[in-house]
Amino acid sequence: MGKLIVCDHPLIQHKLTFIRDMRTSTKEFRELVDEVATLMAYEITRNLPLQTITVQTPVAETETQVISGRMLGLVPILRAGLGMVDGVLKLIPGAKVGHVGLFRDPETLQPVEYYTKLPTDVQERELIVIDPMLATGGSAIAAIDVLKKRGCSQIKMMNLIAAPEGVKAVQEAHPDVDIYVAALDSHLNDHGYIIPGLGDAGDRLYGTK
């Protein structure tokens, strides 16, 4: 079963408080989401393998470590996932970015893929699927399905806030995927919103209603 990792660093929790606050402006909300994504990227890359190389300092030659050729890819779920990408790229500027677009069918309420564009070498990369909210888990499961159908096997999930129902659904559908969140909230309400949550992440990022 994939692990659930709650990134409980004090800076993340502090910033998340203001992300939740309905009085936070669109500009501040966007900046805070960007900052938390950077901090979460630090946590999600903690176990990247290292290799030893030799460098010359101003004083002496020394052996030191660099990341061991691991190729990473970021796959935001459109549109809200875009709000976290730049924050991750600040720490991992060499990562390639793909996109998966999904909408919910109004009759079946199931996610429908409408757009996918991925790096040509996506199967060789360790991928981080990015979406601020993990509510029912439907979009996350569909996005991971899209990647697996294209031969991807190294996948992690990154969310600001998750509901237990969504975590359970993703773990059951994709038990090989670890989920990184800034907070695990209480539950979903009757409309599928995370409680206490932060509202609609896309609307708050882009100032739409």
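**Patch, cores and one helix**

Visitor: Which residues make the nonpolar surface patch of about 200 Å²?

Guide: Leu4, Val6 and Leu184 make the patch (nonpolar side chains within 5 Å, over 30% relative accessible area, no salt bridge, that is, no Lys or Arg nitrogen within 4 Å of an Asp or Glu carboxyl oxygen; areas are Shrake-Rupley, 1.4 Å probe). This is a predicted model: local features need pLDDT of at least 70 and side-chain atom pairs 80 or more, while totals for chains, interfaces and linings use all residues. Numbering starts from 1 along each chain, and side-chain values use heavy atoms, without hydrogens or water.

Visitor: Where is Leu4 found?

Guide: In strand S1, residues 4-6 (a DSSP E run of at least two; helices are H or I runs of at least four).

Visitor: What about the core, which residues have the most contacts inside the largest one?

Guide: Met40 and Met158, in a nonpolar core of 37 residues (buried, under 20% relative accessible area, and joined through side-chain atoms within 4.5 Å). H2 gives the largest share, 8 residues.

Visitor: What does Met40 touch?

Guide: Leaving out residues up to four places away in sequence, Met40 touches Cys7, Ile12, Met158, Asn159, Leu160, Tyr180, Val181 and Ala182 (heavy atoms within 4.5 Å). Another core, of 25 residues, lies apart and includes Ile77, Val129, Val146 and Val167.

Visitor: Switching to H4, which of its residues are buried?

Guide: Ala140, Ile141, Ala142, Ala143, Ile144, Val146 and Leu147. H4 covers residues 138-149 and reaches 16 Å between its first and last C-alpha.

Visitor: What follows H4?

Guide: Gly151, with a positive phi near 90°.

Key
Expected span 1.5 Å × (residues − 1). Buried < 20%, exposed > 50% of the residue type's maximum accessible area, 1.4 Å probe, protein only. Patch = residues over 30% accessible without salt bridge, like charges linked within 9 Å, V, L, I, M, F, W, Y side chains within 5 Å. Salt bridge = Lys/Arg side-chain N within 4 Å of Asp/Glu carboxyl O.
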